[in-house]
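Here are a few exercises to work through with the model open beside you. Try each task before reading its solution.

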Amino acid sequence: MSTEHAAPDHDQELPEQMRVRLAKRAQVLAEGREPYPVVVERSHTLRQVRDAHPDLPPDTATGDVVDVTGRVIFLRNTGKLCFATLREGDGTELQAMLSLALVGEDELARWKATVDLGDHVHVHGEVITSRRGELSVMADAWELTSKAVRPLPSTHHELSEETRVRQRYVDLIVRPQAREMVRARAEVMRTLRAQMHERGFTEVETPMLQLVHGGATARPFVTRANALDTDLYLRIAPELFLKRCIVGGIERVFEINRNFRNEGIDSTHSPEFAMLETYQAYATYDVMADLTRELVQACARAVFGSTVVRHADGSEHDLGGTWRSVTLHGAVSEAVGVEVTPDTTAEDLRKLAAAHDVALKDSWSAGEIVLELFEKLVEHTLQEPTFVRDYPIEVRPLTRQHRDDPRLTEAWDLVVFGHELATAYSELVDPVEQRRRLQEQARLGAAGDAEAMRLDEDFLRALEYGMPPTGGMGMGVDRLLMTLTGLGIRETILYPLVRSE
RNA sequence: GGGCCUCUAGCUCAAUCGGCAGAGCAGCGGACUUUUAAUCCGCGGGUUCGGGGUUCGAUCCCCCGGGGGCCCA
């Protein structure tokens, strides 16, 4: 690995600071040392050193001699005494000191001539506190453990959003919140899994490459299987495979994995996003609501130690307790100040829409207008977690009819901070009705409706074997992180899709 | 897909009416044995996103293209 970097004429095009650092790397090699050693002594992590000496008074010598490592994030070199702040992976920082008296003139000069901000170093020495009381390792020996040939950005200014996303590794180096997000995300994933397992759900993995895409209304990505000489779709939802599991007798089943939707990209939508999707036999959408609330609250506790979540803007929000539940028609009624029910005619709804400056398409039915009124007038106002229930059948064409009103469906959307976080249904399990609805959607597809889906005959065959009454729920994991942290989706996804530079 | 804004040193940002392209941090040289965004003295660093045009002269004005953001569909 220790070959020369590149042709000299190429180096001439590099920024000055990289040329300087590359020259330092070359100098290390010329001295017969290794800028990227294989093995590094590390007797203690910085955390361990800190934990072992929590409250030393200033100017103390402990007699403890340690080998520590870390990235140099801060340098203060004076004539005969140098200070460097080291940081390790968990964010713990510890000061290293190099004095002329201990390391000698040559080693001190080599330190000054070699080490830049961003380099990884190893320091061997005694744990002490400085006169100002800073816990430190007073070096009697040091070595480079990895030379950074690219300078770190200024730590006094925020990186631009674009750089943070495109070079997440730099974001992670300089911004503690970026590292906290990675850990919060891991904590949420772990908690979701643990909670589901605790409740007796079985985790499965279903195909991401599919011959027929389905389970949601979204445009898919298309790819090519050479061996089969056929196009395949990246899945837009795992739903139809998870339902097959329910048919097969896996009565509580879930999957946490990636879905792909070939649609818009903005602060709340990513083409590749993580979802928890789950089905439970003999459950209804009410059961799924309780499950969803408990999952979200468990994740809040895992990240914040309480159901009170702290957003990036400093605001705090309690997601605890039970959550509000409203019907779609009730929520719209409240917003327009007039009672709206499934009996309200399209004509009357159009007048209400006009009165509230909501534009409608001429073709829309009463149910579609009610949904539009909700999305334009209500959704963004729902800050507290709210289950919005009982959508008209026209806008949930694949969902079973409501037990009390055949014009509605047993479906809810969970809205928090103005955005949809999860959705659930009492699932349609009648194979005859399911076929009729899917055929209807396919007909719309043939009529040019890109969101309508093709018929999945194998899924219908599965239903024909008999699927028990089932509740189903899907929750966006990225959205959940957004709910907990108040950040945009491009912050919650470690490496979101970006256009090539 | 449409409209508006934006792209300048490694990073974050300035640059008047079209007139020598600057600052802070970072870097380089020097001083400094207790610093904490160290301090002090000195110095270097630019394809102003790319291409074209107007002009004596373009970071600035115009056109085309690219990246990013916001709003709308």
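**Exercise 1. Is Cys299 buried or exposed, going by its relative accessibility? Then do Cys245 and count the disulfides.**

Step 1: Cys299 has 0% relative accessibility, so it counts as buried. The cut-offs are under 20% relative accessible area for buried, over 50% for exposed and partly exposed in between, with a 1.4 Å probe and protein chains only.
Step 2: Cys245 comes out at 18%, so it is buried as well.
Step 3: Look for pairs of cysteine sulfur atoms within 2.5 Å, which is what a disulfide means here; the structure holds 0 of them.

A word on the ground rules: this is a predicted model, where local features need pLDDT of at least 70 and side-chain atom pairs count only at pLDDT 80 or more, while totals for chains, interfaces and linings use all residues. Residues are numbered from 1 along each chain as its sequence is written, chains are lettered from A and ligands numbered from 1 in the order in which they are written, and side-chain values use heavy atoms, leaving out hydrogens and water.

**Exercise 2. Where does Phe201 sit, and which residues does it touch?**

Step 1: Find the loop between α7 (176-198) and β6 (202-203); Phe201 is there. Helices (H or I, at least four residues) and strands (E, at least two) are DSSP runs, numbered from the N terminus.
Step 2: Check its cover: Phe201 has a relative accessible area of 4%, so it is buried.
Step 3: List the contacts (heavy atoms within 4.5 Å). Leaving aside residues up to four places away in sequence, Phe201 touches Met196, Arg252, Val253, Phe254, Thr278, Tyr279, Gln280 and Leu291.

**Exercise 3. Which strands does β10 pair with, and in what sense?**

Step 1: Strand β10 spans residues 252-260, and 7 of its 9 residues are buried.
Step 2: β10 runs parallel to β6, joined by 2 bridges; strands pair if DSSP finds at least two bridges between them. Glu203 has Phe254 in β10 as its bridge partner.
Step 3: With β11 (residues 272-281), β10 pairs in the antiparallel sense over 9 bridges. Here Ile256 is matched with Leu276 in β11.

**Exercise 4. In what order do the strands β7, β8 and β9 lie in their open sheet?**

Step 1: The order is β7-β9-β8, with antiparallel pairing.
Step 2: β7 (209-210) and β8 (222-225) are the edge strands, each pairing on one side only.
Step 3: β8 and β9 (residues 230-234) share 4 bridges, and Val222 has Tyr233 in β9 as its partner.

**Exercise 5. Which residues come nearest to RNA strand B, and what polar contacts can you find there?**

Step 1: Of the 37 residues around RNA strand B, the nearest are Glu16, Lys24, Phe74, Arg76 and Arg132. Sugar and phosphate make up 58% of the strand's atoms that come within 4 Å of the protein; a residue is near if one of its heavy atoms lies within 4 Å.
Step 2: Now the polar contacts (here, pairs of N or O atoms within 3.5 Å). The Gln95 side chain has an N or O atom 2.8 Å from a base nitrogen of RNA strand B. A polar side-chain atom of Arg166 lies 3.0 Å from a sugar or linking oxygen, and one of Arg490 lies 2.9 Å from a phosphate oxygen.

Definitions and conventions:
A polar contact is a pair of N or O atoms within 3.5 Å; within protein, one must be able to donate a hydrogen and the other to accept it, and residues adjacent in sequence count only if both atoms are side-chain atoms.
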